[in-house]
Amino acid sequence: MKFFNLSISRQYLMNLITTFLSQACSAGMIIILMPVLQQNFSVEEFSNYGVLLNIVLFAAAFDLGLNMGLMRRLIHEREKASVLISTIYFVYLVLFIVAVPVFIWLYYTGIVETGNTFLYHAFLSALLVVQTIVAMLFDVILHSTNKIFVGKLIRISKLLLELALLLFFSRWGSATLLLLVSGVINFLYILTLYFYSKKEVIYQIGWHYFDLRVLIEHIRYSSWYFLNAISVVLAFNSQVIMLNALIGKADVAKYILVTRFLDVVRLGATNFTIILFPSLASLEAKGEWHHLRNSYFTILQRVVIFCVLIGVVLLTIGKTIFIWWSGQGGEEMIQLYYVFSVFTILIVIDNVSSVFLHAFRLNKGQTILSIGQGLMGLLIGYFLLPSYGIVGMAIGSIIALLSTNFIYNPTYLIWQFKKKIATKQELPI
């Protein structure tokens, strides 16, 4: 059976199906939880909760790219599993100790405004950031064996439990309480991922496995994955933090509602290509460049068609669903929804080239441009904000994307295909 010009196995289908189910649970969580929080929380507390979640996602990118680098190295260097995993794990424990005072400083000084309970927020932010990174560590171990579906089934269970508890505790109208609940659930999530990862990969975690030289080598190996993660949060999470410092809580809440709704679409639509990462890395290791080039063009063509259909749905039925779900139907809100829908579609198309470049570790130029894209989007959005309001921030994101990676990524990837294929043909038989 063929799909996107790649051979499909039962395991791939399991990976794909469970990934979509996981995203469906994430979507369901957002769709069910957000209106309840709007009802039970004050505007200020709802905005604080959204800002704190964005800060956690932003800060979680500061894992130095070690997790993404680990996945690729476990595929190629399985014998180093204990040393690599132990070294990375203990680095993350140190990261938590460092993160707490950093968040206290950010919240106490008002650089990031999150309300009066800044000490609780600082501790919980640091905890959730490190939990997110550690959970990703054990999930990546499963990914390296192409057992993505195992991690997704665990994540689905975690999301369902989290949704039930957050709904129950939301009646107290406290962002701090909900963050604490998420922290407790994350401990159970991490323990479960650890248990199942040990079944798939033989490794031990112990201080005696920690190796400073391995850490330095792995940081260098993963540096471009780290920079790319920074570029992602600049593109998707930094706007809320910036808006929180510049405009009122009501407008921040509107921006959060639109971005959270369309994030569901973006994450779901990019699943087809994201889960191909391990397979693409394996084919690259075998030198299957003809196969990979043909697969790229097939995937890109189908994703573009898919995005046209998504666009039609978003701008028609999707708008009605969003208005009903959010309870917001003002002119500015609808304009923001339209502009962000276009941005979402463009991101899904660009993601095809991006995944291929990352799987081949050809992402240096793309990462540099991505950081530029994120900064450019913030800068343009900042200057458009006085004239266009929160819509200006979304317009800035589109202009930045079209000026950078949307053109560079496919152009550079196609050039690399030509180069690799030509080099292979010149090798002696």
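Colleague: Why are α6 and α7 called roughly antiparallel to each other?

Modeller: In this predicted model, the axes of α6 and α7 cross at roughly 160°. Angles over 145 degrees count as roughly antiparallel, so α6 and α7 receive that description. Their axes come within 10 Å, and the crossing is right-handed.

Colleague: Which residues make the contact between α6 and α7?

Modeller: On the α6 side, the contact residues include V150, G151, I154, R155 and K158, and also L161, E162, L165, L166 and F169. On the α7 side, they include L177, L178, V181, S182 and I185, together with N186, Y189, T192, L193 and Y196.

Colleague: What makes α5 and α7 roughly parallel?

Modeller: Helix α5, residues 118-144, packs with α7 at an angle of about 20°. Angles under 35 degrees count as roughly parallel, and α5 and α7 are therefore placed in that class. Their axes are 9 Å apart, and α5 passes α7 in a left-handed crossing.

Colleague: How do you know that L179 of α7 counts as buried?

Modeller: L179 has a relative accessible area of 2%. The cut-off for buried is under 20%, so L179 is buried. Not counting residues up to four places away in sequence, L179 touches Y49, L52, L53, H121, L124 and L128. The C-alpha atoms of L179 and V339 are separated by 31 Å, with their positions 160 residues apart along the chain.

Colleague: Why is S170 called buried?

Modeller: The relative accessible area of S170 is 0%. Since buried means under 20%, S170 qualifies. This residue is found in the loop between α6 (148-169) and α7 (175-200). Leaving aside residues up to four places away in sequence, S170 touches V36, L37, N40, F41 and L178.

Colleague: F41 is among those partners; where is F41 placed, and what makes F41 buried?

Modeller: F41 has its place in the loop between α1 (10-40) and α2 (43-60). Its relative accessibility is 6%, and with the limit for buried at under 20%, F41 counts as buried. Beyond residues up to four places away in sequence, F41 touches F46, Y49, S170, G173, S174, A175 and L178. F41 and L177 are 136 residues apart along the chain, and their C-alpha atoms are separated by 12 Å.

Colleague: Why does R73 count as buried?

Modeller: R73 has 1% relative accessibility. That value is set against a limit of under 20%, and R73 therefore counts as buried. R73 is found in helix α3, which covers residues 66-76. Apart from residues up to four places away in sequence, R73 touches R78, K80, L84, E217, H218 and Y221.

Colleague: What makes the links from the R73 side chain to E217 and to H218 polar contacts?

Modeller: The side chains of R73 and E217 are joined at 3.1 Å, and those of R73 and H218 at 3.3 Å. The cut-off for such a pair of N or O atoms is within 3.5 Å. The value for E217 meets this limit, as does the value for H218. R73 and H218 are 145 residues apart in sequence, and 9.2 Å apart in space from C-alpha to C-alpha.

Colleague: How do α10 and α13 pack, and at what angle do their axes cross?

Modeller: The axes of helix α10 (residues 249-269) and helix α13 (residues 289-326) come within 11 Å and cross at roughly 145°. α10 passes α13 in a right-handed crossing. The contact is made by α10 residues including L257, V258, F261 and L262, and by α13 residues including F306, I310, L314 and W325.

Colleague: Why is L314 of α13 called buried?

Modeller: Its relative accessibility is 5%, and buried means under 20%, so L314 counts as buried. Setting aside residues up to four places away in sequence, L314 touches L262, V265, K319, Y337, S341 and I345. L314 and Y337 are 23 residues apart in sequence and 9.1 Å apart in space, C-alpha to C-alpha.

Colleague: What makes C25 and C307 buried, and how many disulfides does a search of the whole structure find?

Modeller: C25 has 19% relative accessibility, and C307 has a relative accessible area of 3%. The limit is under 20%, so C25 counts as buried, and C307 is therefore buried as well. The search finds zero disulfides: a disulfide would need a pair of cysteine sulfur atoms within 2.5 Å.

Methods. Residues are numbered from 1 along each chain as its sequence is written. This is a predicted model: local features need pLDDT of at least 70, side-chain atom pairs count only at pLDDT 80 or more; totals for chains, interfaces and linings use all residues. Side-chain values use heavy atoms; hydrogens and water are left out. Buried means under 20% relative accessible area, exposed over 50%, partly exposed in between (1.4 Å probe, protein chains only). Helices (H or I, at least four residues) and strands (E, at least two) are DSSP runs, numbered from the N terminus. Contact means heavy atoms within 4.5 Å. A polar contact is a pair of N or O atoms within 3.5 Å; within protein, one must be able to donate a hydrogen and the other to accept it, and residues adjacent in sequence count only if both atoms are side-chain atoms. Axes are lines fitted to C-alpha atoms, for helices over the stretch in contact, and angles run from 0 to 180 degrees between N-to-C directions. Angles under 35 degrees count as roughly parallel, over 145 as roughly antiparallel, 65 to 115 as roughly perpendicular and the rest as oblique. A crossing is left-handed if the near helix is turned anticlockwise from the far one by less than a right angle, and right-handed if clockwise.
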